[in-house]
Amino acid sequence: MPTWRDTIFVWKGSLKDAEWDGSWVGVVMADATAAATPTAQDFSSSANLFTLSLEEEEGGAKLSNLQILAGNIVTAVDGVGYLLDQGDGNGHRRYKDHVHRVKFCRYGEGAFGSDLMVAAVGSNEFGPFVSLGKFCEDNQLVLARRYLDQDDARCAWTLQDLDDAAGPFNTAEPWQSEALSSKTRRKSTKRKVTQSSKVATSKKGMSRVADFSCTAGAADLLPPSP
C-alpha cells in the first residue's frame, strides 16, 4: 500500500549570501522517473516555507554564490528550519534537519548545460533522506527529497554514491531518477574472503577451510525489491 514515503518533497528557493529561502511542495509519486514538476504557482502559494544557511564543511565559512563550484560540499545548518503541517490540528510547526550535507556535483547535459547538478543526503526525526536537484543561473536552488525506510541500503550512501547513481541528468528534471524511487533497495549478501584460508587437520588428512563473512556496501547494492 502507498505510504507517505511515496511523496517527493521538492524544495525551491533563492540562494543568496549563503541563505537559502523558499518553499516546498509535495509530489505523490513512487516512481521518481514519472514525478511531475511543481509549477511556479505551486511554490508561490505554498505555506511550507523554509530558511536554511549553508556553510563550507572545511572551516565552516559562509558561502557566497561566487564560491559555488562543481565539487563543493556544504552543510545546511542554522537558519529557522522549515514549516510542516502534519494534519494533527496543530497547524504548521517548525522543524530542523539533524544532518543535511549538500554537494554541487557537475554541470548537466543538454537542457541542463548551464545548471549545476546537486545531490544531498541527511536525516531528521522523520528518517534518513536523499535528494537530487539543480542550482540555476538565476541563483535558484531546487532539491527534491525522498525519505527512506530505515532498512533501505541507500541510508548508507555517501554523496558520491548518490552522485554516481543519479545518472547523466538527462531527464526533464534531475530528480526524475531511479535513485529517488520509493522502493526499498535491498542490501547485498555478497560474500567475500576476509582472511586467508586456514588449514585444518582431520583423520583423513589435511583439508583447507576458508573463513567468510557477509558484507554490504553502496557498491554491492541489488536492484530495488519488487
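Does Cys155 count as buried, exposed or partly exposed, and what is its relative accessibility? In this predicted model, Cys155 comes out as partly exposed, because its relative accessibility is 31% and that class sits between the 20% and 50% cut-offs. Cys136, on the other hand, has a relative accessible area of 15%, so it counts as buried. As for cysteine pairing, searching the whole structure turns up 0 disulfides.

Let's step back to the overall fold. The protein chain has 13 strands along with 2 helices. Its 226 residues include 42% that count as buried. Take the contacts with a separation of 6 or more: 56% of them link residues 24 or more positions apart. On the outside, the chain exposes about 11,900 Å², and 52% of that comes from carbon and sulfur atoms.

Now for the inside. The largest nonpolar core holds 25 residues, and the members touching the most others are Trp11, Leu15, Trp20, Tyr82, Phe104 and Phe135. Strands that each supply at least two residues of this core include β1 (7-16), β2 (19-28), β6 (99-107) and β8 (127-135). β4 gives the most, with 4 residues. There is also a second, separate core of 22 residues, with Val10, Cys105, Leu148 and Trp157 among them.

Tyr82 is a good place to zoom in. Leaving aside residues up to four places away in sequence, Tyr82 touches a mixed set of partners, including Trp11, Trp24, Phe50, Tyr95, Phe126 and Tyr147. Charged residues are on its contact list too, among them Arg93, Arg94, Lys96 and Asp97.

Methods. Residues are numbered from 1 along each chain as its sequence is written. This is a predicted model: local features need pLDDT of at least 70, side-chain atom pairs count only at pLDDT 80 or more; totals for chains, interfaces and linings use all residues. Side-chain values use heavy atoms; hydrogens and water are left out. A nonpolar core is a set of buried Ala, Val, Leu, Ile, Met, Phe, Trp, Tyr and Cys residues joined through side-chain atoms within 4.5 Å. Buried means under 20% relative accessible area, exposed over 50%, partly exposed in between (1.4 Å probe, protein chains only). Contact means heavy atoms within 4.5 Å. Accessible areas come from the Shrake-Rupley method with a 1.4 Å probe; for residues, only the protein chains shown count as cover. A disulfide is a pair of cysteine sulfur atoms within 2.5 Å.
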